[in-house]
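Student: Got a minute to walk through a model with me? I'd like to go from one residue outwards.
Tutor: Sure, put it up and ask away.

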Amino acid sequence: MKKQDKLMNLLLEIAKNLKGCGEEFSSFHLADAEDTADLKVFMEKMKEYEVKGDTFVHELIVELNHAFITAIDHEDILLLAENMDEVVDGMEECAAYFYMYDLHKNDPYILEFQKQVGKCASELYVAIELLTKKKMQDIKEHTVNVKSYEEAGDITERKAIRKLFEEYKNNPIKIIKYKDLYKLLECTVDSCQAVAKVLDMTVMKNV
């Protein structure tokens, strides 16, 4: 039981780190970064979440390798941990691109993506908390919400790219920069949906 509790606690810590990263990521506005140093500070903050998440995942894998009986399947615990880590990695990479591309102007589509990622992270934290409490039937509501944000992300990307080519057709450098970011942000929202899918599969196995 102690081993099970430790694994579930670690899974919850990974989710808590994801939620914190999502809150920080979604509340950051490019226009608030008055100079490149501000972008660097934000990038470094995201890196702290990424490193912390990696540490938790490594610890979980070590514990998992020594556990014979677990609350849910070994594979599902590992998939949940690794997929949540992918979301944090995506946010960290986006922050790095903000810095590398030296962006200081708010973009409505980037802001929309940031909100979607932040909301997904919050929903996933609640879902993982429910999982650790074995409240399987209550998880679906939150995975459905994540799916709705993922679908909204697809729409945001298409609108963003269409607008990008309309507005900056004579500025290929700007098109490249923003297209990279839109794709990366959309992939980060997709990573949230990947976590939700594993949660749905886990619920199906355990109800």
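Student: Is F98 buried or exposed?
Tutor: F98 is buried, because its relative accessible area is 0%, and buried here means under 20% relative accessible area, exposed over 50%, partly exposed in between, with a 1.4 Å probe and protein chains only. Before going on, note that this is a predicted model: local features need pLDDT of at least 70, side-chain atom pairs count only at pLDDT 80 or more, and totals for chains, interfaces and linings use all residues. Residues are numbered from 1 along each chain as its sequence is written, and side-chain values use heavy atoms, leaving out hydrogens and water.

Student: OK, what does F98 touch?
Tutor: Not counting residues up to four places away in sequence, F98 touches F25, F28, L30, L39, F42, L103, I110, Q114 and L181. Contact means heavy atoms within 4.5 Å.

Student: Lots of Phe there. How many aromatic pairs does the structure hold?
Tutor: Nine aromatic pairs. Rings of Phe, Tyr and Trp (its six-membered ring) pair if their centres lie within 6.5 Å; planes under 30 degrees apart count as stacked, over 60 as edge-to-face and the rest as tilted. F25 and F98 make a stacked one, at 6.4 Å centre to centre with 5° between the planes. F25 sits in helix α1 and F98 in helix α3, so this pair ties together parts 73 residues apart in sequence. Helices (H or I, at least four residues) and strands (E, at least two) are DSSP runs, numbered from the N terminus.

Student: And why does F25 count as buried?
Tutor: Because its relative accessibility is 0%. There is also a stacked aromatic pair of F42 and F98, 6.3 Å centre to centre and 15° between the planes. F42 lies in helix α2 and F98 in helix α3, so that pair ties together parts 56 residues apart in sequence. F42 is buried too, with a relative accessible area of 5%.

Student: Which residues form one aromatic cluster?
Tutor: F25, F28, F42 and F98.

Student: Zooming out, how many residues has the largest nonpolar core?
Tutor: That core has 67 residues, and L11 and F98 are those with the most contacts inside it. By nonpolar core I mean a set of buried Ala, Val, Leu, Ile, Met, Phe, Trp, Tyr and Cys residues joined through side-chain atoms within 4.5 Å. The elements giving two or more residues to this core are α1 (2-27), α2 (36-65), α3, α4 (108-132), α5 (140-167) and α6 (172-206). The largest share, 13 residues, comes from α6.

Student: What about the whole fold, how many helices and strands?
Tutor: Six helices and zero strands. The radius of gyration, taken over C-alpha atoms, is 18 Å for the protein chain, close to the 17 Å that the globule rule (2.2 Å times the number of residues to the power 0.38) gives for 207 residues, so the chain is as compact as a globular protein of that length. Its C-alpha trace spans about 60 × 30 × 20 Å along the principal axes. Of the 207 residues, 47% count as buried. Among contacts between residues at least 6 apart in sequence, 83% join residues at least 24 apart.

Student: Back to α3. What should its 27 residues span?
Tutor: Helix α3 (residues 74-100) should span 39 Å, and its end C-alpha atoms are 39 Å apart, which agrees. The expected span is 1.5 Å times one less than the number of residues.

Student: Where does N83 lie, and what is it in contact with?
Tutor: N83 lies in helix α3. Leaving aside neighbours within four places in sequence, N83 is in contact with S191, A194, V195 and V198. At 17% relative accessibility, N83 counts as buried.

Student: Which phi does D102 take, just after α3?
Tutor: A positive one, about 55°. D102 is in the loop between α3 and α4, and is partly exposed with a relative accessible area of 37%. K134, in the loop between α4 and α5, has a positive phi near 60° and counts as exposed at 59% relative accessibility.

Student: Last one: how many disulfides does the count come to?
Tutor: Zero, taking a disulfide as a pair of cysteine sulfur atoms within 2.5 Å. For C94, the nearest cysteine sulfur, that of C187, is 9.1 Å away. For C192, the nearest is that of C120, 4.2 Å away.
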